[in-house]
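Let's take a walk through this protein together. Have the sequence and the picture side by side, and we'll go one piece at a time.

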Amino acid sequence: MVGVPESHTGWTFITSHARVLAAIADNPNARIRDIAARCRLTERAVSRIISDLEQDGYLSHTRDGRTNTYRIEPNKVLRHPAEAGLSVASLLSLLVQDETDRIRKPVAQ
């Protein structure tokens, strides 16, 4: 996958939940397998995260045959008190970028 860094050990700034949400924002029809590869998580972990996000109303999905189409609730506010008042849309505006920008501007290592 172009523009996706290799595995990383140690702490990171962004949670797995935010990474999965950003991957879905980039492609609402993405398969769990593809989300897992992009986020460097297991498919089981991605399934659990999607379940968490759906249970708390941040995400929903519709099924058409074998394909899921996810819908993010952009106006839902973030959970932590330190981010009180910030919406999912504001978080995603920082995390999601156009694929053409991602290819043109590789992440510095």
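Start with helix α2, which covers residues 32-39, and look at how it sits against α3: the two pack at an angle of about 105°, with their axes 9 Å apart. Angles from 65 to 115 degrees count as roughly perpendicular, so that is the label for α2 and α3. Who actually does the touching? On the α2 side the contact is made by Ile32, Arg33, Ile35 and Ala36, and on the α3 side by Glu43, Val46, Ser47 and Ile50. Sort the residues of this contact by class and you get 5 nonpolar, 1 polar and 2 charged. Keep in mind as you look that this is a predicted model.

Now slide into the loop between α2 and α3, where you'll find Arg40. Its backbone does something worth a second look: the phi of Arg40 is near 60°, a positive value in a residue other than glycine. Most residues other than glycine have a negative phi. As for its surroundings, Arg40 has a relative accessible area of 40%, and since values between 20% and 50% count as partly exposed, that is how Arg40 is classed.

Carry on into helix α3 and you meet another arginine, Arg48. With a relative accessible area of 47%, Arg48 is partly exposed. Try finding His17 from there: Arg48 and His17 are 31 residues apart in sequence, but their C-alpha atoms are 9.6 Å apart in space.

Time to zoom out a little. What does the chain look like when read along the sequence? The pattern goes α-α-α-β-β-α-α, which gives you 5 helices and 2 strands. The chain has 109 residues, and 24% of them count as buried. Here's a number about how the chain folds back on itself: among contacts between residues at least 6 apart in sequence, 42% join residues at least 24 apart.

There's another helix pair to visit. α1 and α4 pack at an angle of about 80°, with their axes 10 Å apart. That angle also falls in the range from 65 to 115 degrees, so α1 and α4 are roughly perpendicular to each other. The contact is made by Ala18, Leu21, Ala22 and Ala25 of α1 together with Val88, Leu91, Leu92 and Leu95 of α4. What classes do these residues fall into? The split is 8 nonpolar, no polar and no charged.

Back up a step along the chain to Ser87, in the loop between β2 (67-72) and α4. Is Ser87 buried or exposed? Its relative accessibility is 18%, and because the cut-off for buried is under 20%, Ser87 counts as buried. Leaving aside neighbours within four places in sequence, Ser87 is in contact with Pro74, Asn75, Lys76, Val77 and Leu78.

Last stop: the second largest pocket, which holds about 490 Å³ of space. It is lined by 19 residues, and the closest to its centre are Thr15, Ala18, Leu78, Arg79 and Leu91. Some of these names should ring a bell: Ala18 and Leu91 also take part in the contact between α1 and α4, and Leu78 is one of the residues touching Ser87. Helices α1 (16-26), α3 (43-55) and α4 (88-95) each supply at least two residues of the lining, with the largest share, 5 residues, coming from α4. By class, the lining has 11 nonpolar, 4 polar and 4 charged residues.

Technical notes. Residues are numbered from 1 along each chain as its sequence is written. This is a predicted model: local features need pLDDT of at least 70, side-chain atom pairs count only at pLDDT 80 or more; totals for chains, interfaces and linings use all residues. Side-chain values use heavy atoms; hydrogens and water are left out. On a 1 Å grid over the protein atoms alone, a cavity is a set of points where a 1.4 Å probe fits but cannot get out, and a pocket is an open set with protein on both sides within 12 Å along at least five of seven lines; lining residues have an atom within 4 Å of a point. Grid points are joined across faces, edges and corners, and a volume is the space filled by probe spheres set on the points. Helices (H or I, at least four residues) and strands (E, at least two) are DSSP runs, numbered from the N terminus. Ala, Val, Leu, Ile, Met, Phe, Trp, Tyr, Cys and Pro count as nonpolar, Asp, Glu, Lys and Arg as charged, and the others, Gly among them, as polar. Buried means under 20% relative accessible area, exposed over 50%, partly exposed in between (1.4 Å probe, protein chains only). Axes are lines fitted to C-alpha atoms, for helices over the stretch in contact, and angles run from 0 to 180 degrees between N-to-C directions. Angles under 35 degrees count as roughly parallel, over 145 as roughly antiparallel, 65 to 115 as roughly perpendicular and the rest as oblique. Contact means heavy atoms within 4.5 Å.
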